[in-house]
Amino acid sequence: MKKIIGYVRESTQWQVVNGYNLGEQKRKIEEYCKYKYEADCYELEIREERGASARNLKRPHIQSIIELIKTKSIDILIIHNLDRLTRSVKDLAYLIELLEEYQIELVSITENIDTTTPSGRTFILMIGVISQWEEDSISWRTKRGMSEALERGYYCKSKVPLGYIRDPQDKHYLIIDEEKARYIRYIFETVASGKKTANEIYQDFKKEKTLGKRWWKEDIYRILKNRAYTGDVELYGKVYEGVIPAIITKDLQIAALERVKLCSRKKKYQYPFRGILVCSKCGSTLKCDSTHKKIRGKVYRVYQYYFCECCNSRISQKCIEEQVEYKLSHLLDKEHMKEARESFLRYLKRVEKDINSVIDLILKQGRNEILIKKYENLVNEREEIFKKVEKQSEGNTPLIDTENLKDLIYKYIKYIRVDLIKKSINVEYKKRNK
């Protein structure tokens, strides 16, 4: 019994009106099978693709059919006409080659094509060229029409940005919706001034259900990046200025985006003391930042620090880290020091295991620069562990690594007062149950 797959597709309302609707395609495939094959000699399954473009093969049912072809689970693939399958010559050639490789027949009812002959394969590729030309022509005319409309000052995009509505007297133009526009101004002004981050605004809007809508984190960032709020519209990589009325100035948008960029840059590095450092002079919470020293465009050294906006003073993270580690070493009891030592020993065993694995690879594969470099790095890492353990045993330094430092800070420390002039700290510990 022959296994037949029928593939039908519609992407636009125009196709429904002009006889390309799914029902009509299915009916013709069923009628063709009844006429061509005996009733008990075939099994027909029809796969439907709704609202899908034939510009590429990124369609669920096409992908599933390709898998069936590769496993030789079908004998015949039937389509109403060729452009239901694809409008890309490249994809069409790929599908024809795939069908030939697995000896599966392709039937196009409208074109009446036989892919088993050279002339049939040539003809099908010619039709594919015409289909792609038609698709490209439609796309080009659409882009040109939208570009000309924007140059005349018409807003031709289907989706209207939040804060605007279409002009009731002329739908080609947008006007500002003041009720929603005030929230747009609030987002830009609040982020630009540094009063709140984009994430904090998102949390507020989500909690209060602002404007009666469900907010996502990406919504705030999308608003901040949208040129439309300055009156400009971007289309196909080109910017059309002054198409719609501006809700904010371009300078305000630049300031807000710079603030967002600054916040994202801070996240690249760890700041374990964020939020718990207090200026001993004015009582303000210290903020964090970093700077780089570059050589030929490459980062040579990163300097992380905390600063007070009121006193205009700073202190390096390394300076705080050294003092906190020293103070924590005197606070931690013997039991914790034992746990920390065991943690280091586990870490050492893992490094030793990695070293042995690299040695085995070198013995199997021969001398390899990448493996040699990996081996050297692991040996150096092991030496550093030995040094830390020896220093701790002598009582010279606490057995605290960067991985557990943050956990220890939030477990034991309430806040830290920082003297930015003397570069010293005073730690306030959390109350612990005895």
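Modeller: A residue counts as buried when its relative accessible area is under 20%, as exposed when it is over 50%, and as partly exposed in between (1.4 Å probe, protein chains only). The model above is predicted, so local features need pLDDT of at least 70 and side-chain atom pairs count only at pLDDT 80 or more, while totals for chains, interfaces and linings use all residues. Residues are numbered from 1 along each chain as its sequence is written, and side-chain values use heavy atoms, with hydrogens and water left out.

Colleague: Let me try that out. Why is Tyr42 called buried?

Modeller: Tyr42 has a relative accessibility of 16%, and the limit for buried is under 20%, so Tyr42 counts as buried. Tyr37 is buried too, at 13%.

Colleague: What makes Tyr37 and Tyr42 an aromatic pair, and which kind is it?

Modeller: Rings of Phe, Tyr and Trp (its six-membered ring) pair if their centres lie within 6.5 Å; planes under 30 degrees apart count as stacked, over 60 as edge-to-face and the rest as tilted. The count by this rule comes to 11 aromatic pairs. For Tyr37 and Tyr42 the centres are 5.8 Å apart and the planes make 55°, which gives a tilted pair.

Colleague: And why is the pair of Tyr183 and Phe205 called edge-to-face?

Modeller: Their planes stand at 90° with the centres 6.1 Å apart, so the pair is edge-to-face. Tyr183 sits in helix α7 (residues 178-193) and Phe205 in helix α8 (residues 198-208), so this pair ties together parts 22 residues apart in sequence. For the names, helices (H or I, at least four residues) and strands (E, at least two) are DSSP runs, numbered from the N terminus. Phe205 is buried at 4%, whereas Tyr183 is partly exposed at 22%. Tyr183, Tyr186, Phe205 and Trp215 form one aromatic cluster.

Colleague: Trp215 has a charged companion, I think. How do you know where Lys213 lies?

Modeller: A charge sits over a ring if NZ of Lys or CZ of Arg is within 6 Å of the ring centre and within 35 degrees of the ring normal. Lys213 lies over the face of Trp215, at 4.1 Å from the ring centre. Arg314 does so with Tyr305, at 3.8 Å.

Colleague: What makes a salt bridge of Arg27 and Glu24?

Modeller: The rule asks for a side-chain nitrogen of Lys or Arg within 4 Å of a carboxyl oxygen of Asp or Glu. Arg27 and Glu24 meet at 2.7 Å, N to O, and both lie in helix α2 (residues 22-36), three residues apart, about one turn of the helix. Arg27 also has a salt bridge with Glu31, again at 2.7 Å; Glu31 and Arg27 are four residues apart in α2. In all, the count is 17 salt bridges.

Colleague: Why does the bridge of Glu48 and Lys26 tie together separate parts?

Modeller: Glu48 and Lys26 meet at 2.8 Å. Glu48 belongs to strand β2 (residues 42-50) and Lys26 to helix α2, so the pair links parts 22 residues apart in sequence. Glu48 at 25% and Lys26 at 27% are both partly exposed.

Colleague: Now the empty space. How many cavities of 30 Å³ or more are there?

Modeller: One. On a 1 Å grid over the protein atoms alone, a cavity is a set of points where a 1.4 Å probe fits but cannot get out, and a pocket is an open set with protein on both sides within 12 Å along at least five of seven lines; lining residues have an atom within 4 Å of a point. The largest cavity holds about 50 Å³, where volume is the space filled by probe spheres set on points joined across faces, edges and corners. Its lining includes Ile62, Leu77 and Leu99, and α3 (60-70) gives the most, with four residues.

Colleague: Which classes make up that lining?

Modeller: Eight nonpolar, no polar and no charged residues. Here Ala, Val, Leu, Ile, Met, Phe, Trp, Tyr, Cys and Pro count as nonpolar, Asp, Glu, Lys and Arg as charged, and the others, Gly among them, as polar. The second largest pocket, of about 460 Å³, is lined by nine nonpolar, one polar and nine charged residues.
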